[in-house]
Amino acid sequence: MNESFKRGAREGFRLMLPMSVGLLPWAIVTGVAMRSTGLSAVESLGMNLIVYAGTAQLGTLPLIAAGAPLWLIFVTALVLNLRFVIFSAALAPAFHGASWSQRVLSGYLLVDVLFVLCADRLQRSDDPHWRWGFYIAPAALCWSVWQLGGLAGVLGAEVFPKDWSLEFMTTIALMVMLVPMVRQRAMLVAALVGGLGAVLLRGLPLRLGVIAGVALGIAAGFLAEHWTEKRRRAW
């Protein structure tokens, strides 16, 4: 472990520390939601460990509770996580030369807040040791907070009063991460169309409104990007 790695790890950890506090209530809510759906404590902790994606976990829980087909649960989780394909493509140059195990581990640990906070600096650094430290330290912090929060939610599901309505914390946490990402017009269009579409189509069976909203948001984002590029070339 060289000094460059340590320096990157310290910088990444300090950058992530304030944001990781916001993950804790979201993780607790997810833990409570898993138990409320009917999953056992072991199943809930296993899902939290293997899936490690809050939106996919919360998005598929109603389908699990409704007894939806396995293929629909899988497709829903896949659609909700499509953004990670874009995140991974954007981060790929930063992991050039990394070992196979490092790339697999970094893919498992990638979360929205990590991409938002670290992607830009990772892409601008030429030091692979610094980049790995800057990525893995905050990633490990996020993972630890999420697992501990999920454990608290799973074990304390019967303790939290039902009238606390903790679900709003998930929305707040997602908005805190989403707003800094909306830096371009195409992103704003995609977010607005996707969100509005999911709300308007919420009456579709098997909660397919979420998938439809994601599809509409992606399509709108691509069209907005295409239109913006066309105008730029015309000038």
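Let me begin with a definition: when I speak of a contact, I mean heavy atoms within 4.5 Å. With that in place, leucine 141 is in contact with Phe13, Met16, Leu17 and Ser20, once its neighbours within four places in sequence are left aside. I should say at once that what we are looking at is a predicted model, and I will come back to leucine 141 after an overview of the chain.

The chain has eleven helices and zero strands, so that, read from the N terminus on, its elements run α-α-α-α-α-α-α-α-α-α-α. For 235 residues, a compact globule would have a radius of gyration near 18 Å, and the chain, with 19 Å, agrees with that expectation. The C-alpha trace spans about 50 × 50 × 30 Å along its principal axes. If we count only contacts with a separation of 6 or more, residues 24 or more positions apart account for 77% of them.

Turning to the surface, the accessible area of the chain comes to about 13500 Å², and 71% of it belongs to carbon and sulfur atoms, while 38% of the 235 residues count as buried. As for charge, there are 19 positive and 12 negative side chains, and the centres of these two sets lie 6 Å apart.

Now to the interior. In soluble globular proteins, nonpolar side chains tend to be buried together. In this model the largest nonpolar core holds 31 residues, and the members that touch the most other members are Leu91, Phe95, Leu110, Leu114, Leu122, Tyr135 and Cys142. At least two residues of this core are supplied by each of helix 1 (3–37), helix 5 (83–91), helix 7 (112–124) and helix 8 (128–155), and the largest share, ten residues, comes from helix 8. There is also a second, separate core of six residues, which includes Leu63, Ala68, Leu72 and Val79.

Two of the leucines in that list of the largest core deserve a closer look. Leucine 114, not counting residues up to four places away in sequence, touches Met16, Leu109, Ala119, Tyr135, Pro138 and Ala139. Leucine 110, by contrast, is found in a loop, the one between helix 6 (100–109) and helix 7. Is leucine 110 buried or exposed? Because buried means under 20% relative accessible area, leucine 110 counts as buried at its 7%. Its contacts, with neighbours within four places in sequence left aside, are Phe84, Phe87, Ser88, Leu91, Phe115 and Tyr135. From leucine 110 to asparagine 81, which is 29 residues apart in sequence, the distance from C-alpha to C-alpha is 11 Å.

Let me return, as promised, to leucine 141. This residue is found in helix 8, and with a relative accessible area of 13% leucine 141 is buried. The C-alpha atoms of leucine 141 and leucine 70 are separated by 32 Å, the two residues being 71 positions apart along the chain.

The next stop is helix 2, where two consecutive positions can be set side by side. Serine 44 lies in helix 2 (residues 41–50), and leucine 45 has its place in helix 2 as well. How accessible is each of them? Serine 44 counts as buried, at 0% relative accessibility, whereas leucine 45 is partly exposed, with a relative accessible area of 30%. Leaving out residues up to four places away in sequence, serine 44 touches Met34, Arg35, Leu39 and Val154, and leucine 45, under that rule, touches Leu151 and Val154. Val154 therefore appears in both sets of contacts, given that contact means heavy atoms within 4.5 Å. Leucine 45 and glycine 8, which are 37 residues apart in sequence, lie 31 Å apart in space, again from C-alpha to C-alpha.

Finally, a point about backbone geometry. Most residues other than glycine have a negative phi, and most peptide bonds are trans. Which value does phi of tyrosine 52 take? It is near 45 degrees, a positive value in a residue other than glycine. Tyrosine 52 is found in the loop between helix 2 and helix 3 (54–65), and at 6% relative accessibility tyrosine 52 counts as buried.

To close, the two places I would keep in view while turning the predicted model are the largest nonpolar core, with its ten residues from helix 8, and the loop that holds tyrosine 52, between helix 2 and helix 3.

Terms used: Residues are numbered from 1 along each chain as its sequence is written. This is a predicted model: local features need pLDDT of at least 70, side-chain atom pairs count only at pLDDT 80 or more; totals for chains, interfaces and linings use all residues. Side-chain values use heavy atoms; hydrogens and water are left out. Helices (H or I, at least four residues) and strands (E, at least two) are DSSP runs, numbered from the N terminus. The radius of gyration is taken over C-alpha atoms; the globule rule is 2.2 Å times the number of residues to the power 0.38. Buried means under 20% relative accessible area, exposed over 50%, partly exposed in between (1.4 Å probe, protein chains only). Accessible areas come from the Shrake-Rupley method with a 1.4 Å probe; for residues, only the protein chains shown count as cover. Lys and Arg count as positive and Asp and Glu as negative; His and the chain ends are not counted. The place of a charge is taken as NZ of Lys, CZ of Arg, CG of Asp or CD of Glu. A nonpolar core is a set of buried Ala, Val, Leu, Ile, Met, Phe, Trp, Tyr and Cys residues joined through side-chain atoms within 4.5 Å.
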